Amino acid sequence: QYAATVVKERSPLTRPVTFLRVQNLSASSTLDAVAFGRNENPKLGQSLIVMGGLDADEAFKTSVARVRPAEKMASSTPDSVGGNLEVTPAIPAGNSGALVTNLDGQAVGIVLSDPDNASGYVVCPVTCILAYIKSISLNQ
């Protein structure tokens, strides 16, 4: 068991991800890590694997159907964030927060609730995640 504090709260319009800081790790503690894919978004038609499910024991194959237009991040940063990815077939319920990988097993995003469709999901690509992390480190 690990203790964590919230670094930045989720904000549906400006930061759809909550960031946590893990505390009280001993020198011998290890955390599982994933390898990010290159700092570029998946392409139209690219196959993706959603690793999640209600019990975190499912994998689901889908592909990029549409890339939404990029949005400007909060005014405190100059970066534009690449748009979320719509996929087909649609991501099943219970997968919000799931890791998304390419077929090489590299993390390319995470699943988020779709801000434009309350019952749907989109993939937040790695470029968005890295921009959010950068904005947190610049603002602290």
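Glu86 is partly exposed, with a relative accessible area of 23%. The model is predicted. Glu86 meets the side chain of Arg68 in a salt bridge, at 2.7 Å from N to O. The two residues sit in distant parts of the chain, 18 residues apart. Arg68 is in the loop between strand E4 (58-67) and strand E5 (71-72), and Glu86 is in strand E7 (residues 85-88).

**Salt bridges of Arg68**

How buried or exposed is Arg68? Its relative accessibility is 12%, so Arg68 counts as buried, the cut-off being under 20%.

Arg68 also bridges to Asp114, with the closest N and O atoms 2.7 Å apart. Asp114 lies in the loop between strand E9 (107-113) and strand E10 (121-125), so this pair ties together parts that are 46 residues apart in sequence. Asp114 is buried, as is Arg68.

Asp116 forms a salt bridge with Arg68 as well, and here the closest N and O atoms are 3.3 Å apart. Asp116 lies in the loop between E9 and E10, so its pair with Arg68 ties together parts that are 48 residues apart in sequence. Asp116 counts as exposed because its relative accessibility is 64%, and the cut-off is over 50%.

| Pair | N to O distance |
|---|---|
| Arg68 and Glu86 | 2.7 Å |
| Arg68 and Asp114 | 2.7 Å |
| Asp116 and Arg68 | 3.3 Å |

How many salt bridges does the protein have? The count comes to four. Which residues are linked in a network of salt bridges? They are Arg66, Arg68, Glu86, Asp114 and Asp116.

**Fold and surface**

The protein has one helix and ten strands. Reading from the N terminus, the order of elements is β-β-β-β-β-β-β-β-β-β-α. The protein has 140 residues, and 36% of them count as buried. Take the contacts between residues at least 6 apart in sequence: 44% of these join residues at least 24 apart.

The exposed area of the protein is about 8500 Å². Carbon and sulfur atoms supply 51% of that area.

Where is Val22 found? Val22 belongs to strand E2 (residues 19-23). Its relative accessible area is 36%, so Val22 is partly exposed. That value also passes the patch cut-off of over 30%. Val22 joins Tyr2, Leu25 and Leu31 in a nonpolar surface patch of about 350 Å².

Notes:
Residues numbered from 1 in each chain as written. Predicted model: local features only at pLDDT ≥ 70, side-chain atom pairs only at ≥ 80, totals over all residues. Heavy atoms only, no water. Helix = DSSP H or I, 4+ residues; strand = E, 2+ residues; numbered from the N terminus. Buried < 20%, exposed > 50% of the residue type's maximum accessible area, 1.4 Å probe, protein only. Contact = heavy atoms within 4.5 Å. Areas by Shrake-Rupley, 256 points an atom, 1.4 Å probe, with all protein chains shown as cover. Patch = residues over 30% accessible without salt bridge, like charges linked within 9 Å, V, L, I, M, F, W, Y side chains within 5 Å.
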